[in-house]
Amino acid sequence: MIWDIPEKPGFGWSSPFYSKSYLYMGAEDGGFYQMHEETGSFKKVFQTNEAFRSSPVIVNGMIYVGGRDHRLYAVEEATGQVKWSVPVKNDLFIASPVVLDSKGKAITTLNQVC
């Protein structure tokens, strides 16, 4: 075994997304993490007050992920800086975002375009 994922902070709902030697995933503790594929080292990218159950998607260096705090986030992959977040009207945000174009237009569910 190369590495093992710790039980805490509660991974499992959010499927990881792979980019540039890192896996990106949200957790039940409200943290969004990156894990290095070879070393298994973890780094918290940013923190919210609610869990992540949406799986991230990365396009052109921007991470898009939805949280149970009813927000869709756009986070710079290189810096971990949240560039923007918008509220979504869903009661429980578990659908993974889909990026529609290279300008970063993202759709969160079939009826919510951001």
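So, confidence first: this is a predicted model, and in the protein chain the lowest-confidence element is strand β11, residues 112-113, with a mean pLDDT of 48. At the other end, strand β8, residues 82-87, has the highest confidence, at 91. Over the chain the mean pLDDT is 79, with 68% of the residues reaching 70 or more. The weak stretch is residues 110-114, where pLDDT stays under 50. The model does have 14 contacts beyond four places in sequence for those residues, but I'll leave them there and move on.

Okay, the sheet. Four strands make an open sheet, and the order is β1-β2-β3-β4, with antiparallel pairing. Which strands stand at the edges? Those are β1, residues 17-19, and β4; each has a single partner strand, so each has one side left without a neighbour in the sheet. From one strand to the next, the twist averages 25°.

Now let's look at β3 and β4. They pair in the antiparallel sense over 5 bridges. If you want one bridge to find on the screen, take Met35: its bridge partner in β4 is Phe42. Keep Phe42 in mind, please.

On to the rings. How many aromatic pairs does a search of the whole structure find? There are 9. Take Phe32 and Phe46: the ring centres are 5.6 Å apart and the planes sit at 35°, so we call that pair tilted, since stacked would need under 30 degrees and edge-to-face over 60. Phe32 is in strand β3, residues 31-36, and Phe46 is in strand β4, residues 42-47, so this pair ties together parts that are 14 residues apart in sequence.

Are those two rings buried or exposed? Phe32 is buried, at a relative accessible area of 0%. Phe46 comes out at 8%, and because the cut-off for buried is under 20%, Phe46 counts as buried too.

Back to Phe42, as promised. Phe42 pairs with Tyr33, and this one is edge-to-face: 6.3 Å from centre to centre, with 80° between the planes. Tyr33 is buried, with 9% relative accessible area. Phe42, at 30%, is partly exposed, because buried means under 20% and exposed means over 50%. So Phe42 has a bridge to Met35 and a ring pair with Tyr33.

Last thing: the cluster. Ring pairs link Tyr22, Tyr24, Phe32, Phe46, Phe52 and Tyr73. Our tilted pair, Phe32 and Phe46, belongs to that cluster. That's what I have; go ahead and rotate the model.

Methods:
Residues are numbered from 1 along each chain as its sequence is written. This is a predicted model: local features need pLDDT of at least 70, side-chain atom pairs count only at pLDDT 80 or more; totals for chains, interfaces and linings use all residues. Side-chain values use heavy atoms; hydrogens and water are left out. pLDDT is the predictor's confidence in each residue, from 0 to 100. Helices (H or I, at least four residues) and strands (E, at least two) are DSSP runs, numbered from the N terminus. Contact means heavy atoms within 4.5 Å. Rings of Phe, Tyr and Trp (its six-membered ring) pair if their centres lie within 6.5 Å; planes under 30 degrees apart count as stacked, over 60 as edge-to-face and the rest as tilted. Buried means under 20% relative accessible area, exposed over 50%, partly exposed in between (1.4 Å probe, protein chains only). Two strands pair if DSSP finds at least two bridges between them. Axes are lines fitted to C-alpha atoms, for helices over the stretch in contact, and angles run from 0 to 180 degrees between N-to-C directions.
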